[in-house]
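Let's take a walk through this structure together, starting with the whole chain and then moving inward. Have your viewer ready to follow along.

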Amino acid sequence: MLGNETSAVTDSFSTGLLEYPHYTRPVKFRDWEVPEVLLSGHHGNIAEWRRKQSLLRTWKKRPELLEQADLTPKEKAWLLSLKSEEERKGKE
């Protein structure tokens, strides 16, 4: 039994993407800080940040999963810009 019904919906195994990073208190621990967006309380911005982090982690660690992912045109464009940026850095 899940403690939260949305847990199964957002799990890596159900979305096909790796999960976004999770943070807890304190806000700053050693050299790690909770991103400002997570402290803002703006649920829409938090959801967007989580989705981008999920896409980013998947792209870096398991890019083959993106081939089957249900991505919006905006997300596809964002991933293409990441790839282009990475290629530019490699040429420098």
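Of the 92 residues in the protein chain, 21% are buried. This is a predicted model, so please read everything that follows as computed from it. Residues 24 or more positions apart account for 45% of the contacts in the chain, counting those with a separation of 6 or more.

Next, the layout. The protein chain has 5 helices and 2 strands. Starting from the N terminus, these elements come in the order α-α-β-β-α-α-α.

Which residues form the largest nonpolar core? This core has 9 residues, namely L17, L55, L56, W59, L66, A69, L71, L79 and L82. Two elements, α4 (43–61) and α5 (73–91), each give two or more residues to this core. The most comes from α4, with 3 residues.

Those two helices also pack against each other, and their geometry is worth a look on screen. The angle between α4 and α5 is about 50°, and their axes are 11 Å apart. That angle makes α4 oblique to α5, because angles between 35 and 65 degrees fall outside the roughly parallel and roughly perpendicular ranges. The crossing of α4 and α5 is right-handed. On the α4 side, the contact is made by E48, R51, K52, L55, L56 and W59. The α5 side brings K74, E75, W78, L79, L82, K83 and E86. Sorted by class, the contact of α4 with α5 has 6 nonpolar and 7 charged residues, with no polar ones.

W59 is a good residue to select now, since you have met it both in the core and in the contact of α4 with α5. Leaving aside residues up to four places away in sequence, W59 touches L66, L79, L82, K83 and E86. Among these partners, L66, L79 and L82 are core members, while K83 and E86 belong to the α5 side of the helix contact.

One more stop on α4: the helix also holds S54. Is S54 buried or exposed? S54 is buried, because its relative accessible area is 8% and the cut-off for buried is under 20%. Again not counting residues up to four places away in sequence, S54 touches L17, L18, E19 and Y20. One of these, L17, is also a member of the largest nonpolar core. If you display S54 together with L17, L18, E19 and Y20, you will have this set of contacts in view.

Terms used
Residues numbered from 1 in each chain as written. Predicted model: local features only at pLDDT ≥ 70, side-chain atom pairs only at ≥ 80, totals over all residues. Heavy atoms only, no water. Core = buried A, V, L, I, M, F, W, Y, C linked by side-chain atoms within 4.5 Å. Buried < 20%, exposed > 50% of the residue type's maximum accessible area, 1.4 Å probe, protein only. Helix = DSSP H or I, 4+ residues; strand = E, 2+ residues; numbered from the N terminus. Contact = heavy atoms within 4.5 Å. Axes fitted to C-alpha atoms, helices over the stretch in contact; angles between N-to-C directions. Parallel < 35°, antiparallel > 145°, perpendicular 65-115°, else oblique. Left-handed = near helix turned anticlockwise from the far one by under 90°. Nonpolar A, V, L, I, M, F, W, Y, C, P; charged D, E, K, R; others polar.
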